[in-house]
Amino acid sequence: MSAAWTNIATSAHSLLERLPLLARDFTTDWLPESARWLANSLITIATVVVAFASLFALLTIVERKVLARVQNRPGPNRVGIPFTKIKLFGLGQPLADGIKMLTKEDIVPRAADQVLHFLAPVALLAFSILTFAVIPFGRQLVPLELDAGVLYFFAAGAATELAVFMAGWASHNKYSLLAAMRALAQLISYELPLLLSIVPVVMLAGSLSTVGIVEKQAGWTWGFVPHWHVFTPWGAAGFAIFFVAALAESNRSPFDRPEAESELIAGHLTEYSGFKYALFFMAEYFGMCALCGMGVTLFLGGWQAPLPFLEIIPSYFWFAAKLLTLLFVFMWIRATLPRLRIDQLTRLAWKFLVPLALINLGVAVFWALTADWTGAIRAIRWIVAGALIVGPFVLIGRKLSSGIAPRTYRYAT
Amino acid sequence: MLGSGLLQGLAVTAKNLVGSFHDPARLTTVEYPEQRTKLPEAYRNFPFLVSENATDPMGTLRCVACQICEKECPPQCIYIEKSKDKKPDATGRPQLYPTVFDIDTSVCMSCQICVEVCPFDAIKMDQVFEIATTDRFTALLLDREQLAKPNDYYHTIHPTEAAEVDARLAAERKAAAEKAAAAAAKAAAAKPAAVAGLGEAGAPGSSTPATTKPPAA
Amino acid sequence: MIASGLQTTGAHVREVHDDFHGDLLEVSMGPHHPSTHGVFRMQVTLDGETIVKLKPVFGYLHRNHEKLGENTSYLGSMPYTDRLDYLNSMTNNWAYALAVEKLAGQPVPERAEYLRIILAELTRLLNHTCLAGFLLQDSGASGTPLMYAFREREKILDLFESLSGSRMMCNFQRFGGCRTDASPEWLAAAKKLTDGYGAFLDEYERLITGNEILMARTQGVGVLKPDLAISAGITGPMLRATGVDYDLRKVDAYGFYSRFAFRVPLGDHGDTYDRYMIRVLEMRESIEILQQAFRDLPAGPIMDPKAKLRGFRPKTGEAYGRIEGPKGEIGFYLISDGTPNPYRYRVRPPSLINLTVLEDLCLGHTVADAVIILGSIDIVLGEVDR
């Protein structure tokens, strides 16, 4: 009896698990072999773009809601279904925003470089969509299985800053230009810790393939501690560095220097209006989603379930859950922290994150060399690795924050 | 350690995020058109003219066109034209009255000085604040008819203040009536054949029908 | 100059600017700019992002305030003073009332003096809370501290509204007292707010004061030297942040401030962080003053019975009334020629005078710093331009 149930459960689970692929194959089955490949690719691309475009729509409202709730406001809650009184907690807001953006006048400054001004949002969006190609959204659900997927991801991701620079330059606006300069400085500074933080992952997984890296993180110690990279000393440190660098790469607070609305109006977006502005916005969120997806893939076990018995839930669900959690943390940080100045920002990258990432590389080497330690000396392995990370963090952190401290004040007598 | 301040800040925002769902002290938003707070009694917006009787607002304005408010108004937004003739006011005494009383609410800054300087308690501050209009010239220039509101309305928006004013006015009128009666008695004593009933006109006249509604703004 | 940590150790303005070294960039920040606190314009010349020249341009909000004062009666100027520094109408009212009372030799009843102190300290809470919010907003904190600040500010505004009838344009003080008396309910509500304010400040400080990013952004940025501050006539928290002990509440002891026990916090660096922290500490002292005022508030009339509302004609003479406003010394100078209108009406606006050192504070810092330095000066354009 119970065996039969288990059987049914397993087959139901595997059906759910394979459902996206089955649906795709069902749709394209009738095509000849040569056309099927193309159709399959197109369907995959369409699915990814539609999925993330709707995620973007959802994120805009969720971000505003989260920000609002943190600030003790209800947030946008007026727009629901048109022509009715149903408000749906304001979930119709993205739709209304979209219509507004589409119908707004598209203003191009006369002095702007017309071609580049038009190309910048297109290029930005294109590059950020490219990055989705190698992220494994679930078991066997990867749009493009590249052997050097990680390399491809960061190459495509780095190109987005080029588009920001393009926008800033083409706008022929001083604020935009300053923003463009900041964006470039930020790009050069943060690309390095971002890449250095993932080198240990590539090293220990022995693969540049995103699928391979996720599969390396399968399994559990003692049946409940997943083998995700974040649960190792080097993985935790690497994830932290990756996370900070990802915040900077996606121009999010506290590193939203290029857009710094209190200084540069809207930075590189100053001269953009209407749908082009919306494209920038979309690209920014796509970039954020892609970086979070990569973080999930590299450090948080990708689509792996956190506990063995939870494997019954399809893998793509776990990926989505982890992705949304990371995005929530992005929003939470945005709601809390003020912004760093550009020189402090670059200094943070070069003097803090890069050295730590290099040290972390050493820790990863130590971890790889001591992989066969067993028994009690495993504890020593943990202690040594932990000390190698925490020690430099405290020391470099102290150097970095020298001169800044809470103060005590005196009172007039 | 570097980052402890950041984590503390994150803890505070997390507390507020959760708190905004269950703690009314944190989520203080009032969603305006549906929910409204009760206006405090002292709230003031633009002035209105008090009339004693809702059925005949123009005939029973307390204003006697003394033009003190016109003179004292800091932004000079009041314009008054005195009448040539005299009409009996609520107490029956013949008084001048404003033939034109305009307030330009696009200029008025709601300072309440006209109310303070008015010796006749004839102008008071209104509480209607939903005054948006599509016509910024004529619609914002309020004339005598638009400004006049009955005493009952004054009672509904500033109850304690209105009660004070009414008590004071009643006392003044009573004193005036007594004085008039005394004068009449004196006159009657001096000239017994004189016309009787002069004192009747001085009866307190603040009794307006209770059913009158404030005019819609 | 090489800075080791996140902190900048000082200005680094390049000496030579020629073709070889590259062009300077002139940016006109304002009058339409998200963080110039109104229609204020900073004509900045940038070397990269470093400011080499900064010219403040104002007057966009000029309303002829002083000339209007000469053409309005003494009472008629009172509502106009609300609109100088529209965050602090209560203290503006008080300063003006003080000047006229000096001019006319008008005494003020004790209860009114206490009520004035209560309202002034509530205004100080309000202003400093707003400033803390704005400053954090300028440094890019996505509105969260600002919203918390405004949540508390709204409670004070509610108090003002229920007392004076208007949230911001209070028009509450009169020559010889206050316009209306505070009811026991109002006093209870104000006391409740005061009692809860410390908890709000604690939470606010947990959120932001120890924040490394804020400290890195503000410490060592926009340092004002005490001698420059004194020679430029800087007053208020900005002066005290440089370490100069000058608080009119102690120096002049106007009103009944001499009866209150409170301390004057002083900074040692004169930088943006000090200016922020001095205000936070002043708020804590204000709470102390308020507690004492609620305890000692005497009964009695709120208005001097001999005070005249209409036909007010002070004798010929001149007077200067000043108080310690939340932004600094707010003063009114009046000359009377015996007519109902003052012969001369002059405002000493703390915002304008504190703003004069903006360029000295900003030189050598970046655009990002200029914004928060401007925020820490605490200006209201209604008062700067008048």
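The following exercises, each with a worked solution, concern a predicted model with chains A, B and C.

**Exercise 1.** Determine how the radius of gyration of chain C stands against that of a compact globule.

*Solution.* Begin with the length of the chain, which is 386 residues. For that number, a compact globule would have a radius of gyration near 21 Å. The value for chain C is 22 Å, which agrees. Next, consider the outline: along the principal axes, the C-alpha atoms of chain C occupy a box of roughly 75 × 45 × 35 Å. The secondary structure of chain C comprises 15 helices and nine strands. Finally, 59% of the 386 residues count as buried, and residues 24 or more positions apart make up 72% of the contacts with a separation of 6 or more.

**Exercise 2.** Carry out the corresponding analysis for chain A, starting from its helices and strands.

*Solution.* Chain A contains twelve helices and three strands. Its radius of gyration is 24 Å, close to the 22 Å from the globule rule for 413 residues, so chain A is as compact as a globular protein of that length. The C-alpha trace extends over about 70 × 70 × 45 Å along the principal axes. As for burial, 44% of the 413 residues of chain A count as buried. Of the contacts between residues at least 6 apart in sequence, 74% join residues at least 24 apart.

**Exercise 3.** State the strand order of the three-stranded open sheet in chain B, and identify its edge strands.

*Solution.* The order is β6-β1-β8 in chain B, with mixed pairing. The edges are β6 (123-125) and β8 (148-150) of chain B, since each of these pairs on one side only. Neighbouring strands of the sheet are turned by 50° against each other on average, direction ignored. To examine one pairing, take β1 (residues 47-51) of chain B: three bridges join this strand to β6(B), and the two run antiparallel. Within that pairing, F48(B) has K124(B) as its bridge partner in β6(B).

**Exercise 4.** Describe the contact between chains A and C, including the elements of chain A that contribute to it.

*Solution.* First, count the participants: 38 residues come from chain A and 44 residues from chain C. Second, locate the chain A side: α2 (33-70), α6 (174-205), α10 (315-336), α11 (342-369), α12 (377-400) and β3 (410-411) each supply at least two residues. Third, sort that side by class, which gives 17 nonpolar, nine polar and twelve charged residues. Fourth, look for strand pairing across the chains: β3(A) is joined by two bridges to β6 (residues 265-266) of chain C, in antiparallel fashion. Here Y411(A) stands opposite P265(C).

**Exercise 5.** Characterise the contact between chains A and B by residue count and by the classes on the chain B side.

*Solution.* In this contact, 13 residues of chain B meet 13 residues of chain A. The chain B side divides into six nonpolar, six polar and one charged residues.

**Exercise 6.** Which residues touch the most other members of the largest nonpolar core?

*Solution.* The core has 250 residues, and the two in question are L49(B) and A370(C). Its largest share, 16 residues, is supplied by helix α4 (residues 110-138) of chain C. To inspect L49(B) further, set aside its neighbours within four places in sequence; the contacts are then L61(B), C63(B), F101(B), A122(B), I123(B), L147(B) and A148(B).

Technical notes:
Residues are numbered from 1 along each chain as its sequence is written. Chains are lettered from A and ligands numbered from 1 in the order in which they are written. This is a predicted model: local features need pLDDT of at least 70, side-chain atom pairs count only at pLDDT 80 or more; totals for chains, interfaces and linings use all residues. Helices (H or I, at least four residues) and strands (E, at least two) are DSSP runs, numbered from the N terminus. The radius of gyration is taken over C-alpha atoms; the globule rule is 2.2 Å times the number of residues to the power 0.38. A residue is buried if 20 or more other C-beta atoms lie within 10 Å of its own, exposed if 12 or fewer, and partly exposed in between; C-beta atoms are placed from the backbone. Two residues are in contact if their C-beta atoms, placed from the backbone, lie within 7 Å. Two strands pair if DSSP finds at least two bridges between them. Axes are lines fitted to C-alpha atoms, for helices over the stretch in contact, and angles run from 0 to 180 degrees between N-to-C directions. Ala, Val, Leu, Ile, Met, Phe, Trp, Tyr, Cys and Pro count as nonpolar, Asp, Glu, Lys and Arg as charged, and the others, Gly among them, as polar. A nonpolar core is a set of buried Ala, Val, Leu, Ile, Met, Phe, Trp, Tyr and Cys residues joined through C-beta atoms within 7 Å.
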